[in-house]
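Hi,

Here's the structure I said I'd pass along. Have a look at it first, and my notes follow right underneath.

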Amino acid sequence: MSFLGIDKGGTRHTFALTTDKGEIVHRVQHETGRACGSCQMEDAQAEIEALHAVASELVQVAADRRAPVQSIGISFGGPVNAETGTTILSHHVSGWEGVPLRDLFEDWFGIRTRVDNDANVGCLGEWRFGAGRGCRDLLYVNIGTGIGGGIIANGQLVRGANNLAGEIGHTIIDSDSGVRPDGPPCTCGRRGCLESFASGPGIERRYHERFDQRLTCREIFINAMENDRDAAAIVEEAAHYLARGIGTAVSLLNPELVIVGGGVSEAGDSLFTPLYRLLQHYGFSQAGPVRVVPAQLGYDAGIIGAVALAMGTRQ
Ligand SMILES: [Zn+2]
């Protein structure tokens, strides 16, 4: 039997057929064309047609291999009602408000389909096939252009009342005035969220404010690793904010493992060494220090996570 995972990102759709062990046997990547400045931006209808066309091909490929698709998982880059499989909106493409994506797939193919947001999907993927294998309680934090997260508690994905559990990026960690949230503005419309300090753009902005020079996040991390004092100070500061946010979650959830993924986590030891040290101050655990490890799935997190979603959210 096969599973079909679909990672619907902002400008790229990736599809993979896998075995029941999550091994990819067939992969298709489809650029949506939005990255091309002169092209007309695609709307949801065009994307839905493209999803249908490629998924149809892969369902047929699986049937030809005598390993029919058992279930389909879709990672959606935006908020989703996971219970009904309906999208709420996309920040990148118009027209995704209220699209019953699960029902569309089930009508087209007659195959059970699950849809969830990319943070929950990344968490499920790392849990089932990545750094979190065998854990019953873990916290997943994805640090890239934003900061997302997911929680596995007692062997089950935690969704919360509105499928928004694990949104660690929007915990407010700065309140200079003491009476109301302060700090830099966040994408959510509030101020002082962890994401506004320690996401890729947040780190770049802090470097620019302090040293009046624009470097990419990657350049800042490289310079820090080469003992540039200014860059190292900014990375240490980012680790400090992350430790404050993650430490609060650790005190609340008592996970056995914290998995850190996303582009920023590729910084390696220059981020993980101070993060680990600082977490011992911010995270409460009488059981000893919590383990913090990098995510393992990297580039394939979305599709492997989608396959994990297809397989179910419990273990
Ligand atoms: Zn926020």
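The centres of domain 1 and domain 2, taken over C-alpha atoms, sit 28 Å apart. The contact between them draws on nine residues from domain 1 and 11 residues from domain 2. Bear in mind that this is a predicted model. As for where the parts run, domain 1 covers 2-123 + 300-311, while domain 2 is 134-295.

On to the interface itself. About 740 Å² is buried between domain 1 and domain 2, and carbon and sulfur atoms account for 54% of that area. Which three residues give the most on the domain 1 side? They are A119, N120 and C123, which together supply 61% of the area that domain 1 buries against domain 2.

If you care about the polar side of things, four residue pairs are in polar contact across the interface of domain 1 and domain 2, counting pairs with both residues at pLDDT 80 or more. The rule also finds one salt bridge across that interface. Separately listed is a salt bridge between the side chains of D116 and R159, at 2.2 Å from N to O.

Then there's the metal site, which you'll probably want to look at for parameters. A zinc ion is coordinated by H170 through ND1 and by C186, C188 and C193 through their SG atoms, at 2.0 to 2.4 Å. Along the chain, these donors follow the spacing H-x15-C-x1-C-x4-C. The arrangement is tetrahedral because the four donor atoms subtend angles of 102 to 122° around the zinc ion, and the range allowed for that label is between 85 and 135 degrees.

Two of the cysteines fall in separate accessibility classes: C193 is buried, with a relative accessible area of 0%, whereas C188 counts as partly exposed at 37% relative accessibility.

Cheers

Conventions. Residues numbered from 1 in each chain as written. Predicted model: local features only at pLDDT ≥ 70, side-chain atom pairs only at ≥ 80, totals over all residues. Heavy atoms only, no water. Donors = N, O, S within 2.8 Å, 3.2 Å for Na, K, Ca; no water. Tetrahedral: all angles 85-135°; square planar, octahedral: opposite > 155°, others 65-115°. Buried < 20%, exposed > 50% of the residue type's maximum accessible area, 1.4 Å probe, protein only. Domains from an automatic or database assignment. Contact = heavy atoms within 4.5 Å. Buried area = accessible area lost by both parts, 1.4 Å probe. Salt bridge = Lys/Arg side-chain N within 4 Å of Asp/Glu carboxyl O. Polar contact = N/O pair within 3.5 Å; in protein donor to acceptor, adjacent residues only side chain to side chain.
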